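Subject: Handover of a structure

Dear colleague,

Please find below the structure that I am handing over to you. A summary of what was found in it follows.

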Amino acid sequence: ANGNGYKVGDLGGSTIVNTSAQGIALAPDGKFYVAGYSNGFFGVLRYQGDPVDVAPNPVSFNAVSGAMPSTLQISNIITVSGLSTVAKVPLSISGGTYSINGGPATNLHGYVSNGDQVMVMHTSASTPATSVTTTLKFGGLSAANNRAYILGTQVTATFTSSTP
């Protein structure tokens, strides 16, 4: 019932015809959308919801200078903060790998929440006086069918190592 924390929405249900919700999407402002069909008609419902903060606080990695050529470089650890308590936001990386909470290193898309600790890694350049940079991005919301398409604000943190 209205006012009790939930709302029932009907796409036009019937015991005679198929009625089905086919998708749900959450917007950064907390509104969410439910799409489906009934009796051959397509419909979308929008619900108000509570705002969800998916914009993390800024973070930074310390640069490494004087890195030995072709060696593994590991960043300092950053801690994710500034998100709503229930938020899990997408994370992506280019130019290296990342590890969340000491887990295995990967370069695949992932998700982080408040309190998660993240570090990034890459191999330093093989030639003198050369830099290598790894870019970590996280925050916002991603579409379920396209994790590269981000809605909302993302934080970018770069980790750079340079050889002498």
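Strands, as the term is used here, are DSSP runs (E) of at least two residues, numbered from the N terminus. Please note that the model is predicted.

Under that definition, the protein chain has 14 strands and zero helices. The order of elements from the N terminus is therefore β-β-β-β-β-β-β-β-β-β-β-β-β-β. The chain comprises 164 residues, of which 31% count as buried. Its accessible surface amounts to about 9,500 Å², and carbon and sulfur atoms account for 55% of that area. Where contacts link residues at least 6 apart in sequence, 57% of them join residues at least 24 apart.

On the surface, Tyr33, Tyr37, Phe42 and Val44 make a nonpolar patch of about 410 Å². Strand S2 (32-38) and strand S3 each contribute at least two residues to this patch. Tyrosine 37, one of the patch residues, is placed in strand S2. With a relative accessibility of 35%, tyrosine 37 counts as partly exposed, because that class lies between the limits of 20% for buried and 50% for exposed residues.

Turning to the aromatic residues, the structure holds one aromatic pair. Phenylalanine 61 and phenylalanine 159 form this pair, which is edge-to-face, with 6.4 Å from centre to centre and 70° between the planes. The pair links distant parts of the chain, its two members being 98 residues apart. Phenylalanine 61 is found in the loop between strand S3 (41-47) and strand S4 (64-65), whereas phenylalanine 159 belongs to strand S14 (residues 155-162). Both residues fall below the 20% limit for burial: phenylalanine 61 counts as buried at 9% relative accessibility, and phenylalanine 159 counts as buried at 1%.

A further residue that you may wish to view is threonine 135, which lies in strand S11 (residues 131-138). Its relative accessible area is 19%, so threonine 135 is buried, given that the class requires a value under 20%. Apart from neighbours within four places in sequence, threonine 135 is in contact with Ser92, Ile93 and Ser94, and also with Thr156, Ala157 and Thr158.

Which residues would I suggest displaying together for the nonpolar surface patch? They are Tyr33, Tyr37, Phe42 and Val44. For the aromatic pair, the residues to display are phenylalanine 61 and phenylalanine 159.

With kind regards

Conventions
Residues numbered from 1 in each chain as written. Predicted model: local features only at pLDDT ≥ 70, side-chain atom pairs only at ≥ 80, totals over all residues. Heavy atoms only, no water. Phe/Tyr/Trp six-rings, centres within 6.5 Å; stacked < 30°, edge-to-face > 60°. Helix = DSSP H or I, 4+ residues; strand = E, 2+ residues; numbered from the N terminus. Buried < 20%, exposed > 50% of the residue type's maximum accessible area, 1.4 Å probe, protein only. Contact = heavy atoms within 4.5 Å. Patch = residues over 30% accessible without salt bridge, like charges linked within 9 Å, V, L, I, M, F, W, Y side chains within 5 Å. Areas by Shrake-Rupley, 256 points an atom, 1.4 Å probe, with all protein chains shown as cover. Salt bridge = Lys/Arg side-chain N within 4 Å of Asp/Glu carboxyl O.
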